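Me: Please take a close look at one small part of this complex for me. Then work outward from there, and keep it relaxed.

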Amino acid sequence: MASRLSEMKGMIGDYLPGLPRSAPRFVTEDGTRVFGVIATFSTTPAVVHAAELVRDAGYRKWDLNSPFPIHDIENSMGFRKTQLPYHVFGAAMFGVLLAAALQWFTNHFDYQTGEGFGYIVQGKPTSAWEAYVPIMFELGVLHAAFAALFGMLMLNGLPRWNHPLFSSESFLRTSDDRFVIGIEANDPSFDPEATKRLLEEAGAETVELIEEDA
Amino acid sequence: MTHVHVHEEHGGPRIESGYSGVVTPPPPAADHGEGPVMTDAAYQKYLDKLAAHPLLRDDNVRLAEGAGKGIGAVLMGVGLIGLALTVLLAFVFNTTHALAAYEVGVFTVLACCLGALFLVMLLNMLNAYWTATIRRQLENIASLVWVPWLLLLPVAVIEVVSGGVLLRWMGDEYAGNVLLEHKAAFLNWFGFLVRYAIYGVIWIVLANGVLGVIPGVCSLSREQDITGDRWLTRRARRMSGFGLLLFALSVPLASFDFLMSMDFRFFSTMWGVYIFAGAVMSAIALTAIVLSVLRTFGRLTGVVTAEHYHDLGKLMFAFTVFWAYVAFSQYFLIWYGNIPEETNYFLHRTTGDWQPLATIIVIGHFIVPFFLLITRKTKRNTLGLGLMGAFLLVMQILDLVFIIRPMVYVEPGVEGPGYVGWALDAVGVIGVLALFGGALIAKIASGPLIPLRDPRLAKALKHKNYV
Amino acid sequence: MSSIHPDQVTAERLAGLRSGANVPGADVNTGLGDGTLVEDPAVESPLVLGRRSFKDVTNIVCGYAENPAPLWWWLAFIPAASIAGLGTLMILYLIVTGVGVWGLNNQVDWAWDITNFVFWIGIGHAGTLISAILCLLKQKWRTAVNRSAEAMTIFAVVCAGIFPGIHVGRVWFAWFLFPIPNYNWIWPNFRSPLLWDVFAVSTYATVSLLFWYMGMIPDLATLRDRADLRLRQGTSKPLALAMPGGKALVFPLVKPDMIRAYVYGLLSLGWRFSSRHWHRYEAAYLILAGISTPLVLSVHSIVSFDFATSVLPGWHTTIFPPYFVAGAVFGGFAMVLFLLIPLRELLPNFKDLLTLRHLENMAKILLLTGMMVGFAYATEFFIAWYGANEFEWAVFINNRVNPAEAPYAWAYWTMIFCNVISPQVFWVRALRQNPAVIWVVAGFVTVGMWFERFVIIVTSLHRAWLPGEWGMFWPTWVDILTFVGSCGIFMTLFLLFVKFLPTFALAELKAVMPQADPHPDHHDEGETKRNPGEAF
């Protein structure tokens with residue numbers, strides 16, 4: 001539990017400037033913190049094959065960067081399906097209830113008990129549920145959409161405008177036509193030599209070490 | 001803390017990053033031919049591979065000889081008994097009520113067939129490859145459209161001969177009514193019969209064709225099983241384009257003729273869409289039931305997978321929601337406008353004795369399936385989707401009960417039989433459904449369970465939902 | 001076989017100097033358009049032409065945003081921006097003067113304004129349809145058009161939002177629309193369709209914007225990385241403006257890449273193409289697609305409720321919700337085609353990404369939705385008679401159809417010709433595969449859909465129950481120029497989009513290319529590649 005807590009503190013420190021960070025596991029000769037190792041690939045099958053090898057080698061803190069989402073990557077990399085849909089569903093239900101409450105309060109409750117006066121439109125009772133449906137739907141959708149986008153960003157730890165990976169020119173090509181597997185030095189299984197060897201044997205075209213700026 | 005040596009040379013080869021117009025060398029002469037037509041030899045190779053495919057062996061994609069005969073016979077028997085009881089009760093209890101019960105059954109079956117016919121044509125048009133493995137069951141249902149059409153014949157005859165039972169406008173009861181006189185150009189027994197015949201021609205020809213003259217969309221698919229001619233797929237697609245047009249013209253009119261005109265004062269432009277939405281939903285529901293039963297009995301293993309179920313479930317979900325959207329819009333606009341001719345329809349059904357049924361339909365036809373079908377688990381589960389199909393089919397029956405049955409005891413001062421009458425309703429509906437079930441089993445057993453030589457079958461077998 | 005070396009051809013094609021289907025020697029598709037009009041059901045037609053690599057696709061799409069704006073762009077942008085300015089002046093004039101400057105009157109109290117509102121909001125729906133419904137239906141060809149169609153959605157909603165906003169007259173009371181209690185403690189009336197409209201349109205605008213923006217995040221990151229790489233490598237070019245005669249005006253000190261790296265960098269939120277991120281991204285995208293589909297239906301349904309909940313003959317009819325949705329999709333697709341077909345000619349290599357098959361598919365959708373709209377017209381007409389309400393029937397015959405009686409019969413028949421008759425040409429394959437024909441029909445449909453709203457709104461209102469109330473509506477110059485101005489706003493925004501943002505969904509485009517398949521377990525089969533046999 002305590003280790004989990006310090007791990008989380010370290011993660012927040014990685015993200016927000018000025019907060020204490022966890023101790024680096026590896027540093028270079030001139031003392032800069034090592035982020036990890038990245039390997040580049042140029043075809044989809046090659047990188048997926050390599051990802052399966054890295055997964056089977058037991059790494060946890062690693063990632064595969066590709067210009068487009070690769071099908072079925074969660075199996076090749078061995079991570080869980082996202083829980084995002086549940087968050088979105090909750091947000092949608094919240095929106096629906098919010099709209100129902102808003103309309104019921106302003107058009108029915110407040111006019112029955114508050115200082116306002118009830119007004120009947122077209123013979124529709126103030127509590128006519130039918131008329132509330134459109135806005136219940138709209139607010140449900142609105143909240144779901146917010147939850148989908150911002151939930152996705154939050155789970156991804158974005159926005160994060162700077163990242164050690166951006167220092168590498170070959171990494172920047174993932175936005176064009178290259179594939180990169182990056183293994184972080186924080187991973188318990190990380191070993192500078194063995195990890196590099198694993199990636200090379202997995203068919204990497206280049207392997208390079210990524211340092212952090214600070 | 002470990003020190004590692006950092007190599008001087010940073011990164012791989014220098015990356016070239018250009019503006020547009022920077023020329024990359026042409027890709028190596030690719031081995032994929034962009035030829036618009038595949039050679040027959042190459043296609044034959046594909047067919048040979050299909051024939052040798054381990055998943056497509058006979059004991060997986062065909063029912064055993066004589067399978068389903070027993071249960072089919074039982075269903076037929078139940079059907080005949082049910083219909084006999086309905087006829088009996090029509091004489092001893094109430095003719096109108098018996099006819100209404102029978103019609104609920106017939107229109108449920110007709111909805112399944114027409115919905116399936118629509119889906120077959122739509123999937124042909126969309127060229128959606130993943131549907132290749134489930135399309136045959138839709139075709140089986142659609143090609144039986146002649147059964148409910150034929151079952152409607154007694155209805156049409158009884159209505160015309162006895163001068164209006166449920167279609168009261170046929171009788172003398174309302175002679176001289178201003179509205180009816182205005183509508184006489186459409187609401188007359190002769191036009192009614194002619195249209196009934198035309199609907200039959202359109203639907204049966206679209207589904208089954210005319211033997212040896214015009215092919216139907218379902219018979220084209222079966223023909224492909226034998227000949228392996230891939231151009232039949234394109235022919236079916238072309239037919240579907242025109243077919244959908246004829247479908248869109250005939251189904252709403254039929255729904256006006258048989259259902260909307262039960263109350264000749266009532267009118268709703270949405271009516272055709274409403275009936276259509278329920279029909280497609282029930283077709284999907286019935287397909288899910290059929291596929292689940294086949295899978296439970298060890299057929300279609302690896303052919304119709306959880307992935308196909310997932311997509312079928314999505315369609316089921318979509319049409320449940322679409323039905324709700326259409327039904328709500330229709331109700332809502334009539335409720336809001338509050339014009340007597342229209343509102344009477346809902347007033348009769350959402351107040352008094354029929355109110356509980358209205359609530360059940362709102363909950364059962366929309367809210368419950370919405371929350372159950374939105375989950376991935378239900379959609380991917382054989383039993384789950386099959387049960388959802390059965391549940392939605394029941395809801396479709398209740399929806400038709402909601403449309404038809406309140407028209408039985410409408411005379412002022414006439415009390416309905418209350419719950420006693422439900423027995424007659426059950427007998428009428430079960431009779432028709434069992435009869436159709438027997439016919440469907442025979443149809444399914446009569447050929448392969450999938451289009452065995454569909455050009456998209458190989459790809460459909462590999463279908464997978466990402467995300 | 002041509003004597004030009006294939007490398008040379010590819011080079012010219014990438015530079016936009018040459019258009020055409022294929023590298024010489026490999027061109028086996030003669031007679032079938034650009035090679036995508038495959039009739040054989042056993043062959044899938046390619047989504048991207050010319051055997052492009054991922055890098056080619058990146059270069060082509062990013063080039064539109066990075067290369068100096070071509071001359072035609074300026075020739076289109078300057079007039080469009082001027083017209084947009086004119087429209088803004090008209091709005092200002094309306095606000096300082098009052099709605100009296102418009103042609104609407106006591107009888108026809110919704111006219112030009114609401115026609116424009118419904119027209120524009122309808123245009124927007126094609127974007128969401130392409131993004132959402134086609135995504136759910138696994139129609140991969142949508143990747144060619146979804147981005148620009150989504151952009152059109154946003155811009156059309158911007159134009160649509162103007163009209164209900166200004167037609168209320170005293171726009172400074174617009175806050176009455178929101179559930180804020182005022183000095184008399186009066187809440188807005190939630191049983192009014194007009195308030196549903198406020199919620200529906202603002203939700204639609206927000207969700208479309210989120211959807212569009214989310215789709216662009218990875219592509220903006222691509223633009224960011226390209227600018228970044230050029231800056232690091234010293235290959236960044238100074239700002240150059242295209243001048244007539246192929247010359248360019250160069251500003252040596254201004255480097256657009258610095259602005260690009262900063263602005264695209266800020267907007268892309270630090271996206272780094274991580275698979276763990278992609279996974280959640282795809283889930284979020286699918287959810288947004290899933291909720292946008294009913295949203296589109298609901299928005300135009302609610303717009304139709306504005307009319308259909310009333311008891312006015314011609315407005316009160318239950319088929320309005322799906323009929324409006326079909327019409328919106330119809331008009332929206334027409335607008336997408338109307339703008340993209342010229343763009344196909346104007347931007348280099350556009351034809352490789354937006355192929356003839358894509359156009360044919362969209363033409364088919366035009367035909368389908370046109371038939372749905374025609375079906376709705378017919379149903380309405382039939383029920384107007386069947387309903388036996390003489391006022392309803394009078395609206396159809398005396399106000400719309402009969403040229404001898406109806407002063408707006410020309411509008412009705414324009415609508416019928418444009419919306420029902422003109423798309424029928426698409427039954428002929430050669431015509432629906434011809435971009436020029438599609439473009440002309442799309443133009444007709446755009447006009448027709450404007451007239452449809454005009455017919456619904458004005459012809460129903462101008463002659464109500466009593467002959468004493470009968471009146472006419474004619475637009476004033478302010479009416480006309482405001483609508484023209486809204487077209488200018490739309491075009492201006494669209495041209496800015498084409499110039500500065502990724503016009504295609506790069507990542508999605510790459511994901512549907514054959515190279516993206518992680519398990520291409522087939523090799524040397526030559527002719528059967530990309531044919532169904534590959535699935536083994």
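Reply: Let's start with Thr174(A), whose side chain reaches the backbone oxygen of Phe171(A) at 2.7 Å. That fits the rule for a polar contact: a pair of N or O atoms within 3.5 Å where, within protein, one must be able to donate a hydrogen and the other to accept it, and residues adjacent in sequence count only if both atoms are side-chain atoms. Before going further, keep in mind that this is a predicted model: local features need pLDDT of at least 70, side-chain atom pairs count only at pLDDT 80 or more, and totals for chains, interfaces and linings use all residues. Residues are numbered from 1 along each chain as its sequence is written, chains are lettered from A and ligands numbered from 1 in the order in which they are written, and side-chain values use heavy atoms, with hydrogens and water left out.

You'll find Thr174(A) in the loop between H6 and E4 of chain A; helices (H or I, at least four residues) and strands (E, at least two) are DSSP runs, numbered from the N terminus. With a relative accessible area of 0%, Thr174(A) is buried (that means under 20%; exposed is over 50% and partly exposed in between, using a 1.4 Å probe and protein chains only). What does Thr174(A) touch, not counting residues up to four places away in sequence? Asn65(A), Ser66(A), Pro67(A), Phe179(A) and Val180(A) are on the list, and so is Phe273(C); contact here means heavy atoms within 4.5 Å.

That loop has another residue to look at. Asp176(A) also sits between H6 and strand E4 (179-184), and its salt-bridge pair crosses between chains to Lys55(C) in helix H2 (residues 54-66) of chain C. The closest N and O atoms of the pair are 2.7 Å apart, where a salt bridge is a side-chain nitrogen of Lys or Arg within 4 Å of a carboxyl oxygen of Asp or Glu. Asp176(A) and Lys55(C) are both buried.

Now zoom out to the whole A–C interface. The contact involves 77 residues of chain A and 64 residues of chain C. Interface size is often quoted as the accessible area lost when the parts come together. For chain A and chain C that comes to about 6,300 Å², with 66% of it on carbon and sulfur atoms (buried area being the accessible area, 1.4 Å probe, that two parts lose on being put together, summed over both). The salt-bridge count between chain A and chain C is one, while 28 residue pairs are in polar contact across the interface, both partners at pLDDT 80 or more. On chain A's side, the elements that each supply at least two residues are helix H2 (44-56), strand E3 (62-65), helix H3 (73-77), helix H4 (84-113), helix H5 (129-156) and helix H6 (169-172). H5(A) gives the most, with 18 residues. By type, chain A's side divides into 46 nonpolar, 17 polar and 14 charged residues; Ala, Val, Leu, Ile, Met, Phe, Trp, Tyr, Cys and Pro count as nonpolar, Asp, Glu, Lys and Arg as charged, and the others, Gly among them, as polar.

As for the partner, chain C has 17 helices and two strands, and buried residues make up 62% of its 536 residues. Of the chain C contacts between residues at least 6 apart in sequence, 77% join residues at least 24 apart.

Back to salt bridges: there are 27 over all chains. In chain B, Asp225(B) pairs with Arg136(B), closest N and O atoms 2.7 Å apart. Asp225(B) is in helix H9 (residues 217-227) and Arg136(B) in helix H5 (residues 135-142), 89 residues apart, and both are buried. Arg195(B) and Asp257(B) make another, again with 2.7 Å between the closest N and O atoms. Arg195(B) lies in helix H8 (residues 189-208) and Asp257(B) in helix H10 (residues 231-258), so this pair ties together parts 62 residues apart in sequence. Arg195(B) and Asp257(B) are buried too. Shared partners also join Arg135(B), Arg136(B), Glu139(B), Asp225(B), Asp454(B) and Arg456(B) into one salt-bridge network.

And disulfides? The count is zero over all chains, a disulfide being a pair of cysteine sulfur atoms within 2.5 Å. Cys113(B), for instance, has its closest cysteine sulfur in Cys112(B) at 6.6 Å, too far for a bond.
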